[in-house]
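Dear colleague,

I am handing over a structure with a bound ligand, and I would be glad if you could look through it alongside the notes underneath.

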Amino acid sequence: MIKINENFLELQDSYLFSTIAKKVADFQKKNPDKKVIKLGIGDVTRPVVPAVIAAMQKAVEEQGKQETFRGYGPEQGYEFLREKIVTFDYYKRGVKLDVDEIFISDGAKCDCGNMGDIFGMDNIVAITDPVYPVYLDTNVMAGRAGKYDLEKGAYENIIYMPATAENEFIPQFPHKIPDMIYLCLPNNPTGTTLTKTELKKWVDYAKKNQAIILFDAAYEAFITEEDVPHTIYEIEGAKEVAIEFRSFSKTAGFTGIRCAYTVVPKELKGYTKTGKEISIHQLWNRRHGTKFNGVSYPVQRAAEAVYTEEGQKQIRENIQYYMENAKIIKEGLKEAGYTVFGGVNAPYIWLKVPEGLTSWEFFDRLLTKANVVGTPGVGFGPSGEGYFRLTAFGTRENTIEAMQRVKKVKI
Ligand code: PLP
């Protein structure tokens, strides 16, 4: 008899985006004349830049010629791309990494989830709350989360570290010491970050407790403030305690092309039950090489083109476009009387819903009164209740119109 992985039965169905889609569809059916503006999704809308497309097309052509055809590439990624990453994303920020500490993949989502393979089942997991749901769900699947408590809206074995307006979005050290600490900075959904000083405290904490930090920097390219670290390795000692996830998805519009990378420094150590030190880099290299066969050659050439002068100029223009949208949303919401966070170092704006409303009630009112769609904060964790996420990934016209509507209506 085939047995299933019963941990999957502990997963709470994510009704978030399907419920949103259903509510919007119902509304549209009843109000076909109304134009609904969607500022809920976390996907980009600007096309991939010409420098990247040209590089990808050239690489596709190469695949069709005998002299330049390439079959399987290295599972960890081609040197040409890993070298660019080491130079542009790290060396230029004062961080020295070896090329083989970079693992190219087809997405930060998979990397965040797959990384759990190399860690023991009895590790205690801590996540900030609210946060990108993949860290939680993949640990539920692995069996580290335990049972779900319906009343609390939380898993019994997961440490939730609230990051809300009350603590200025700075998660506090939990009472119980975790082994795996997920930090998403700049954060999805709050759009907030930590300064170097704050992040250093986490690095020191992980070091002291022999814990590991799983640092998701998918929104690094959107950072505008000086004292916000672009990589956790800007913090002294971080190579001994942190894995970093990066993605071309939001940085360069690769959500449909798929390319990302993960940094696993060689200094990083884990331990066996008997306390023997083991290289995390070696484990991940083995895991990656066994279960993954590399990102396609044209896609890696496309990612390489992101680092050319032209590529950088073109992707920066798109990032600025989104960040201008973020500014418009932030200012618009403030003028409408809302308390707003984020939107400065990330394409997400996190607003406090008016007193007395839940984030779903706010969703319904915003949809029916302003015909604007966002994401209820509670969908990102229990501490997201009372908040709401809007994204800056829409078009300029829609962003402006959405804010004009929000300013006009009384929620
Ligand atoms: N990490 C965070 C924090 C995200 O918000 C997202 C996508 O929304 C991802 C990772 C996924 O990145 P990728 O497209 O590389 O899988």
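The notes below take the ligand site and then a pair of helices.

This is a predicted model, in which local features need pLDDT of at least 70 and side-chain atom pairs count only at pLDDT 80 or more, while totals for chains, interfaces and linings use all residues. Residues are numbered from 1 along each chain as its sequence is written, and side-chain values use heavy atoms, with hydrogens and water left out.

The ligand is surrounded by 14 residues (those with a heavy atom within 4 Å of it), and the closest are A108, D216, Y219, S247 and S249. By class, this shell has 6 nonpolar, 4 polar and 4 charged residues, where Ala, Val, Leu, Ile, Met, Phe, Trp, Tyr, Cys and Pro count as nonpolar, Asp, Glu, Lys and Arg as charged, and the others, Gly among them, as polar.

For polar pairs (N or O atoms within 3.5 Å), a ligand nitrogen lies 2.6 Å from a polar side-chain atom of D216, whereas ligand oxygen atoms lie 2.8 Å from an N or O atom in the side chain of N188 and 2.8 Å from a polar side-chain atom of R258. Of the 400 Å² of accessible area that the ligand has on its own, the protein covers 91% (Shrake-Rupley method, 1.4 Å probe).

Elsewhere, the axes (lines fitted to C-alpha atoms over the stretch in contact) of helix 3 (residues 79-90) and helix 9 (residues 297-305) come within 9 Å and cross at roughly 25 degrees, which means that helix 3 is roughly parallel to helix 9 (angles under 35 degrees). Helices here are DSSP runs of H or I with at least four residues.

Best regards

Note on methods
Polar contact = N/O pair within 3.5 Å; in protein donor to acceptor, adjacent residues only side chain to side chain. Axes fitted to C-alpha atoms, helices over the stretch in contact; angles between N-to-C directions. Helix = DSSP H or I, 4+ residues; strand = E, 2+ residues; numbered from the N terminus. Parallel < 35°, antiparallel > 145°, perpendicular 65-115°, else oblique.
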